[in-house]
Amino acid sequence: MAKIWLFRIITFSLPLLFFVVLEFGLRLVGYGKSVPLFMANPAASQYLLPTPDVVKRYFADDSLAPNVTIETNFFLKQKPEDGIRVFVQGGSTAAGFPYGFGASIAGMLDYRLKQSFPSRPVEVVNTALSAVNSYTLLDFTDEIIEQQPDAVLIYAGHNEYLGILGVGSAYTAANSRGATLLYLKLKELRLFQLMQAIYHSFNQPNEKALKPSRTMMAKVARHKNIPVDSPLFQQGLLQFEQNMSLLLDKYSEAGIPVVLSTIASNLSHQTPFSSNPIPQEYRVLLAKPLVELVPSEANELLVVAEAYKSADAFYHLGQWYLSHGELGKAQQAFVEARQHDLLRFRAPSEINDIIRRLAKRSGVQLVDAEAALKREAPNNIIGNTLMMEHLHPTALGYFEIANSFYHHLNESQLLGQFEFEVGRELARQDIPLFAAEQYWGEAKIAGLKADYPFTSEPTKPELPKVESWSDQLGLAAYKKQKSWLDIALTSQQMAKKDKDWSTFIKASRLLADAMPDDFEYNLQAGTNLIQYKQAAQGIRYLKRATSLEPTSVNAKLALAHAYSQMQKLDATLEELRSVLKIEPRNQTALTNIKAIQAFQAKNKTKQN
């Protein structure tokens with residue numbers, strides 16, 4: 001009997017052993033790829049950063065991957081003992097599209113939290129990128145947990161239908177959620193990648209159809225008609241709730257709190273992309289100018305809209321109600337227009353319902369960014385003052401979303417007691433974006449709106465008018481002739497010339513934070529902050545500078561100066577004495593040590 005079982009075990013083990021040997025063989029010869037979420041900074045190995053083109057992990061052929069990247073920022077490989085580390089997950093809105101990192105949730109919070117916690121290392125890391133949904137968020141979770149975050153912030157839900165791996169997307173790995181989850185588990189195996197390559201070699205004509213140079217929105221939509229009562233619609237909702245539940249389970253098991261936000265989109269200034277038709281005899285009501293549409297016709301149009309679930313009819317009604325001051329009815333009609341928009345680039349209302357339900361779980365907290373945006377919108381209906389097109393916010397809209405998270409972190413003390421609260425109005429006046437970046441973003445949106453689904457065929461973008469040096473710089477960046485670094489440096493130079501000290505200081509800080517391994521940028525930021533009476537903020541950058549160049553006398557003296565302005569005399573003396581170890585006859589250090597000791601002795605005498 002024992003021999004029979006041994007024989008069975010050997011029989012079943014041989015195929016498994018064959019595949020294991022094949023897997024190791026493929027790895028040994030360097031076949032396949034591994035695309036981690038985080039990579040070492042080539043210029044400074046003590047820092048990590050999100051892998052910009054991590055989206056390639058989902059594609060057998062890199063050339064088929066959409067041109068979307070993470071707006072990366074650096075964080076220390078070894079988390080500081082007293083450090084604050086937060087990760088942000090989500091899609092293009094969380095990533096700050098079209099402006100970039102400065103407008104992102106991570107960028108705005110990093111800039112503001114550093115001011116709120118001047119004595120602690122603060123790292124708010126962006127892992128959000130365009131066109132991804134809950135599958136990607138779930139796929140990133142284990143790697144984020146390894147980085148020991150103090151909290152994870154999530155703003156996501158718009159891409160469940162037409163994002164990568166979405167139920168209606170052209171970029172779909174499998175036709176069911178179970179198969180897609182299995183794909184996510186297997187994608188790192190070289191044997192699986194070999195099978196993928198073989199499969200794709202026989203399906204290249206269909207895949208190459210995705211490659212023409214058009215916008216991401218033009219490429220991604222495979223199912224352009226997903227009605228509310230369709231199986232695909234329900235599948236998208238189920239996908240989101242179940243994937244997010246798995247994600248939250250992982251963070252809960254790791255003891256990491258999660259802050260989930262509701263999401264928002266343009267209601268009053270975004271016509272539906274695709275609508276159910278209505279009978280010919282009622283179409284005249286849609287064509288009628290609002291001023292000519294009488295109440296009885298509006299009521300008739302409402303009956304038609306509800307009967308045929310027409311997004312266009314609901315949208316027209318919303319505009320009519322708005323023009324007549326019936327704001328509650330206008331809001332509801334616009335919501336129905338979004339709900340019945342067949343082309344699912346905007347999340348339906350059920351996504352926020354799911355988010356609110358998930359936020360009731362232990363270890364999960366809710367931020368209502370949608371409500372915050374509504375409060376700031378004219379007539380409390382989100383439109384083009386806060387949204388650039390269908391769902392990407394203006395700079396002001398991005399601020400309101402980030403401000404919602406900031407306020408929640410302050411009130412909940414999730415990261416501890418804020419040392420300083422940066423007030424809403426002060427923060428609003430100091431958004432970490434340059435004017436050139438705002439032009440650059442508006443130009444990107446013009447390019448986006450010059451193609452599907454905003455137009456049936458690609459057209460030439462109507463770029464914003466160039467009216468200043470900053471617009472010219474933004475245009476050059478749009479044309480890929482200038483980089484963010486060029487924008488930051490030029491903005492800093494022009495701010496100094498114009499005596500715009502707020503922008504000058506902002507540029508100094510952003511340059512230092514963008515390149516934490518650069519001694520000169522950090523020394524400059526620290527000394528500039530001291531000069532403009534912000535010594536508490538300057539200490540962060542000067543400590544970074546002294547760690548980069550421990551023998552720099554100038555950096556140590558500047559740090560001592562900052563400590564002295566903060567009345568931290570023991571720390572001041574420590575830095576001055578470290579200067580004397582490098583330059584024993586440094587007169588600045590000697591003079592200041594003597595003055596501080598005399599001051600301390602005098603105070604001690606008074607106390608006695």
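This section describes aromatic contacts, charge–ring contacts, salt bridges, one helix and one strand pair in a predicted model.

Aromatic contacts are taken up at the start. The structure holds 17 aromatic pairs. One of them joins Phe 38 and Phe 75. Their ring centres lie 5.4 Å apart, and the planes meet at 80°. The geometry is edge-to-face, since planes over 60 degrees apart are classed that way. The contact links distant parts of the chain. Phe 38 belongs to strand S1, residues 38-40. Phe 75 belongs to strand S3, residues 75-76. The two positions are 37 residues apart. Both rings come from buried residues: Phe 38 has a relative accessible area of 11%, and Phe 75 has one of 0%. The grouping also takes in a third ring, as Phe 38, Phe 75 and Phe 87 form one aromatic cluster.

A further aromatic pair is formed by Tyr 47 and Phe 74. Here the centre-to-centre distance is 6.3 Å, and the angle between the planes is 45°. This pair is tilted, because its angle falls neither under 30 degrees nor over 60. Tyr 47 sits in strand S2, which covers residues 47-50. Phe 74 sits in the loop between S2 and S3. The pair therefore ties together parts of the chain that are 27 residues apart in sequence. Burial is not shared by the two partners. Tyr 47 is buried, at 8% relative accessible area, whereas Phe 74 is partly exposed, at 22%.

Rings also meet charged side chains. The charged end of Arg 112 is placed over the ring of Tyr 406, at 3.7 Å from the ring centre. Lys 444 makes a contact of this kind with Trp 440. Its charged end sits over the Trp 440 ring, 4.7 Å from the centre.

Salt bridges form the next set of contacts. The structure holds 19 salt bridges. In one of them, the side chains of Arg 356 and Asp 368 meet at 3.8 Å, N to O. This bridge connects distant parts of the chain, twelve residues apart. Arg 356 lies in helix H14, residues 349-358. Asp 368 lies in the loop between strand S8 (364-367) and helix H15 (369-376). Neither partner is buried: Arg 356 is partly exposed at 31% relative accessibility, and Asp 368 is partly exposed at 29%.

Arg 356 has another acidic partner in Glu 370. The closest N and O atoms of Glu 370 and Arg 356 are 3.6 Å apart. This bridge runs between helices, with Glu 370 in H15 and Arg 356 in H14, 14 residues apart. Glu 370 is buried, with a relative accessible area of 16%.

A further bridge connects Glu 400 and Arg 424, at 2.4 Å from N to O. Glu 400 is in helix H16, residues 395-412. Arg 424 is in helix H17, residues 424-428. The bridge thus links parts of the chain that are 24 residues apart. Glu 400 is buried, at 3% relative accessible area. Arg 424 is partly exposed, at 25%. Salt bridges with shared partners join Glu 376, Glu 400, Arg 424 and Glu 425 into one network.

Helix H16, which carries Glu 400, has 18 residues. Its span from first C-alpha to last is 26 Å. That is close to the 26 Å expected at 1.5 Å a residue. The helix is mostly covered, with 14 of its 18 residues buried. Just after H16, Gln 413 adopts a positive phi of about 55°.

Strand S5 covers residues 122-126. Five of its five residues are buried, so the strand is largely enclosed by the rest of the structure. In a regular strand, side chains alternate between the two faces of the sheet. In S5 both faces are covered. Val 122, Val 124 and Asn 126 are buried on one side. Glu 123 and Val 125 are buried on the other. S5 runs parallel to strand S4, residues 84-90, and five bridges join the two. Within this pairing, Ile 84 has Val 122 of S5 as its bridge partner.

Technical notes. Residues numbered from 1 in each chain as written. Predicted model: local features only at pLDDT ≥ 70, side-chain atom pairs only at ≥ 80, totals over all residues. Heavy atoms only, no water. Phe/Tyr/Trp six-rings, centres within 6.5 Å; stacked < 30°, edge-to-face > 60°. Helix = DSSP H or I, 4+ residues; strand = E, 2+ residues; numbered from the N terminus. Buried < 20%, exposed > 50% of the residue type's maximum accessible area, 1.4 Å probe, protein only. Lys NZ or Arg CZ within 6 Å of the ring centre and 35° of its normal. Salt bridge = Lys/Arg side-chain N within 4 Å of Asp/Glu carboxyl O. Expected span 1.5 Å × (residues − 1). Pairing = 2+ DSSP bridges.
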